[in-house]
Amino acid sequence: LVMFCDESCSDSAVKQRIWLIRTDGSDLHPPHLQQPGECITHESWLGLTGDILYCCWPISLRRVSPDGSNERTLARLNFWHAASSPHGVFAVADTNWPDRGLQLVYLASGKTVTLCASGDAPDSASRVHPHPSFSPDALRVAFASCRAGRSQVCVIEEDWPALLHSLPATVAQPSSAREQP
């Protein structure tokens, strides 16, 4: 099963971004039917769960099964690019407009904590999108930054469960309803 993004536009609006197709070319279908005005910004596989993780900017981080079932909101914030840990327990995401830093999300509860400022420099010629992601062993998060005035890769190493329990956090209001921006 291959997931891909189609950003072709009609009348300046993306019609349907997320698509799935089998490797033999059969069963082309969208797992999430994109609604008018909905801004889907980044889709990825949710670890080894077989589900899809995607951002509905500026509203929430969401999950959906490849057949379109079990769609639900995992956390509410202006997530822009998200990636899950290999086993699908955590997600890490950057935020945009406004930049609220890199966020760690415990997917079972929607509990979210800020890991650090992104270091994105909107006025810099070397501006980057952080695009955070977990290492294969889930012990580190790497992201792009302009912290020193130039593009660079930064790494955070942390005990994620301990971090979530030690810091004040926001808890999502889970919902199966599709919100409109």
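In this predicted model, the largest nonpolar core comprises 16 residues, of which L104, L115, F134, I156 and W160 touch the most other members. Two or more residues of this core come from each of the strands β10 (90-95), β11 (102-106), β12 (111-116), β14 (140-145) and β15 (152-157), and from the helix α1 (160-166). Beyond the residues up to four places away in sequence, W160 is in contact with F90, L104, L115, F134, A138, L139, R140 and V141. A second core, separate from this one, has 13 residues, including C55, L61, A91 and L107. In soluble globular proteins, nonpolar side chains tend to be buried together.

Four strands form an open sheet in the order β5-β6-β7-β8, and their pairing is antiparallel. The edges are β5 (39-45) and β8 (72-76), each of which pairs on one side only. From one strand to the next, the twist averages 25°. Five bridges connect β5 with β6 (residues 52-57) in the antiparallel sense. E43 has Y54 of β6 as its bridge partner.

Six salt bridges are found in the structure as a whole. One of them joins the side chains of E7 and R17, with an N to O distance of 2.3 Å. E7 is in the loop between β1 (2-5) and β2 (9-10), whereas R17 is in the loop between β3 (13-14) and β4 (18-21); the two residues are 10 residues apart. R17 has a relative accessible area of 7% and is therefore buried, the cut-off being under 20%. Through shared salt-bridge partners, E7, R17 and E43 belong to one network.

Two further salt bridges involve strand β7 (residues 60-64). The side chains of R62 and E38 meet at 3.1 Å, N to O. Because R62 lies in β7 and E38 in the loop between β4 and β5, this pair ties together parts of the chain that are 24 residues apart in sequence. R62 and E38 are both buried. For R63 and D51, the N to O distance in the salt bridge is 2.7 Å. R63 also lies in β7, and D51 is in the loop between β5 and β6, so here the parts tied together are 12 residues apart in sequence. R63 is buried, as is D51.

The structure contains four aromatic pairs. In one of these, the ring centres of W57 and W80 are 5.5 Å apart and the planes are at 85°, so the pair is classed as edge-to-face, a term that applies to angles over 60 degrees. W57 belongs to strand β6 and W80 to strand β9 (residues 79-84), so the pair ties together parts that are 23 residues apart in sequence. Both W57 and W80 are buried. Together with W97, these two residues form one aromatic cluster.

In another pair, F90 and Y106 have ring centres 5.7 Å apart and planes at 45°, so the arrangement is tilted. F90 is in strand β10 and Y106 in strand β11, which places the partners 16 residues apart. The two residues were also assigned accessibility classes. F90 counts as buried because its relative accessibility is 10%, whereas Y106, at 31% relative accessibility, counts as partly exposed. F90 is also among the residues touched by W160.

Notes: Residues are numbered from 1 along each chain as its sequence is written. This is a predicted model: local features need pLDDT of at least 70, side-chain atom pairs count only at pLDDT 80 or more; totals for chains, interfaces and linings use all residues. Side-chain values use heavy atoms; hydrogens and water are left out. A nonpolar core is a set of buried Ala, Val, Leu, Ile, Met, Phe, Trp, Tyr and Cys residues joined through side-chain atoms within 4.5 Å. Buried means under 20% relative accessible area, exposed over 50%, partly exposed in between (1.4 Å probe, protein chains only). Contact means heavy atoms within 4.5 Å. Two strands pair if DSSP finds at least two bridges between them. Axes are lines fitted to C-alpha atoms, for helices over the stretch in contact, and angles run from 0 to 180 degrees between N-to-C directions. A salt bridge is a side-chain nitrogen of Lys or Arg within 4 Å of a carboxyl oxygen of Asp or Glu. Rings of Phe, Tyr and Trp (its six-membered ring) pair if their centres lie within 6.5 Å; planes under 30 degrees apart count as stacked, over 60 as edge-to-face and the rest as tilted.
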